[in-house]
Amino acid sequence: MVRQRVGLTAGALGAALLSGPVAAQVVTVQTDAGAVAVEDVAGGLDHPWGMAFLPDGRLLVTERPGRLRVVGTDGAVSAPLAGTPEVFAQGQGGLMDVALDPDFASSRLVYLAFAEPGPGGASTALGRGRLEEGRIADFHVIFRQEPKVAGGNHFGNRIAFAPDGRLFLTLGERFKFGPAQDLSDHLGTVVRLERDGSVPADNPFVGRADARPEIWSYGHRNVEAASIQPGTGTLWIAEMGPLGGDELNRPEPGRNYGWPLVSWGRHYDGRDIPDPPTRPEFADAVLHWTPVISPSGMVFYTGELFPAWRGSALIGGLSAQVLVRVSLDGGQAREAERVALDARIRDVAQAPDGSVYVLTDAADGHVWRLRPVP
């Protein structure tokens, strides 16, 4: 029997959901969409990072240490699938995002973004393979961020497919600062690829000897949230600032977003960083947050269950422990509300039935479902 807790404070919500039998907990929070039930679907996941719904309603979920699992419609969690890549599971690195090929129904292709070890340290890599029973078959890497560097921070790793079938992959600057301004490497960039990893002929830096042809935009810090806006086909990203200055951006081809030369935040030691308007040659953020929310995971809501959320971007907040709803009007954006969840929210997805799923970032990570209270 499902136990309901109505009107719990934010401080009690996460604790209630993360305790007791999996799939036996429901709490209710108040939102602009009315009362919303937050249900525990599955738990026992080690820092789940990315998720993708299969056509039959099951859910692929990555775990940062390197495992890919299937969560059934009943909440049952599968054994780790075979055939996934070796990962650099240190710091913020590991097995990270997962996405289905636009033609998954016929191709069965699954894309995995991960921190890949190698000479010099590690970097983000993207690969794909076929989903078969209990395994990913014929997995192979189709793109590698260059160069590989030491350290365990800022891998980026979000995958977003555009309507034309091409894909975007976000790449952190690996906490190296200056290379985000260097077009001869991939650090601190968003790259645009064909589905086989080749370079689209109309990428902005194709043909330039001093630039990597995969680059779409650069001057980014660490982008762990990315989604395509329905109707427009536009890519939006949310990236982490330093001490303050998280950003919502709409990356345009060839544009420089300024990191580390400008930021709405400050260095961790308190040193000032010039604000973006002082350097008009850099693209400014559409929206920024201080204090930070630490954005990770984003989806544009298009379902019928939450009419008040339709057309909004839903962004996970790690340090803020909330789901942030952003309302967009053309190229303008404003924060509309925060749904307090009292847990680090790593990823956000819309289910086929219009409910909203989130992943909690913890050693005992969970899959939660948000649905309207009848």
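**View 1. Glycine 331 counts as partly exposed, at 23% relative accessibility.** The cut-off explains the label: buried means under 20% and exposed over 50%, so 23% falls in between. This close-up, like the others here, comes from a predicted model. Glycine 331 sits in the loop between strand E21 (322-329) and strand E22 (332-340). Leaving aside neighbours within four places in sequence, glycine 331 is in contact with Trp236, Arg250 and Val286. Histidine 288 gives a distance reference. Glycine 331 and histidine 288 are 43 residues apart in sequence. In space, their C-alpha atoms are 14 Å apart.

**View 2. The whole chain, for orientation, holds two helices and 25 strands.** Along its principal axes, the C-alpha trace spans about 65 × 45 × 40 Å. The radius of gyration is 20 Å, which agrees with the value near 21 Å for a compact globule of 374 residues. Of the 374 residues, 56% count as buried. Take contacts between residues at least 6 apart in sequence: 55% of them join residues at least 24 apart. The chain exposes about 14000 Å², and carbon and sulfur atoms supply 50% of that area. There are 34 positive and 44 negative charges, with mean positions 2 Å apart.

**View 3. Arginine 192 is buried, with a relative accessible area of 7%.** That value is under 20%, the limit for buried, so the label follows. Arginine 192 belongs to strand E13 (residues 189-193). Two side-chain partners are shown. Aspartate 202 makes a polar contact of 2.8 Å with the side chain of arginine 192 through its own side chain. The side chain of asparagine 203 also makes a polar contact with that of arginine 192, at 2.8 Å. Both partners appear in the contact list of arginine 192, which leaves aside neighbours within four places in sequence. The list also holds Asp164, Arg166, Leu167, Phe168 and Pro200. Glu214 and Trp216 complete it.

**View 4. Two cis peptide bonds precede prolines 147 and 260.** Most peptide bonds are trans. The bond from glutamate 146 to proline 147 is cis, with omega near 0°. Proline 147 is in the loop between strand E10 (135-144) and strand E11 (159-161). The bond from tryptophan 259 to proline 260 is also cis, with omega near 5°. Proline 260 lies in the loop between strand E17 (246-249) and strand E18 (287-289).

**View 5. Asparagine 157 has a positive phi of about 100°.** Asparagine 157 is not a glycine. Most residues other than glycine have a negative phi. Asparagine 157 is found in the loop between E10 and E11. Proline 147 is found in the loop between these strands as well. At 0% relative accessibility, asparagine 157 counts as buried. The reasoning is short: 0% is under the 20% limit, so the residue is buried.

**View 6. Phenylalanine 175 has a phi near 60°.** This is a positive value in a residue other than glycine. Phenylalanine 175 is placed in the loop between strand E12 (167-171) and E13. Strand E13 is also the strand of arginine 192. Phenylalanine 175 is partly exposed, with a relative accessible area of 30%. That value is neither under 20% nor over 50%, so the middle label applies.

Conventions
Residues numbered from 1 in each chain as written. Predicted model: local features only at pLDDT ≥ 70, side-chain atom pairs only at ≥ 80, totals over all residues. Heavy atoms only, no water. Helix = DSSP H or I, 4+ residues; strand = E, 2+ residues; numbered from the N terminus. Rg over C-alpha atoms; globule rule 2.2 N^0.38 Å. Buried < 20%, exposed > 50% of the residue type's maximum accessible area, 1.4 Å probe, protein only. Contact = heavy atoms within 4.5 Å. Areas by Shrake-Rupley, 256 points an atom, 1.4 Å probe, with all protein chains shown as cover. Lys, Arg positive; Asp, Glu negative; His and termini not counted. Charge placed at Lys NZ, Arg CZ, Asp CG, Glu CD. Polar contact = N/O pair within 3.5 Å; in protein donor to acceptor, adjacent residues only side chain to side chain.
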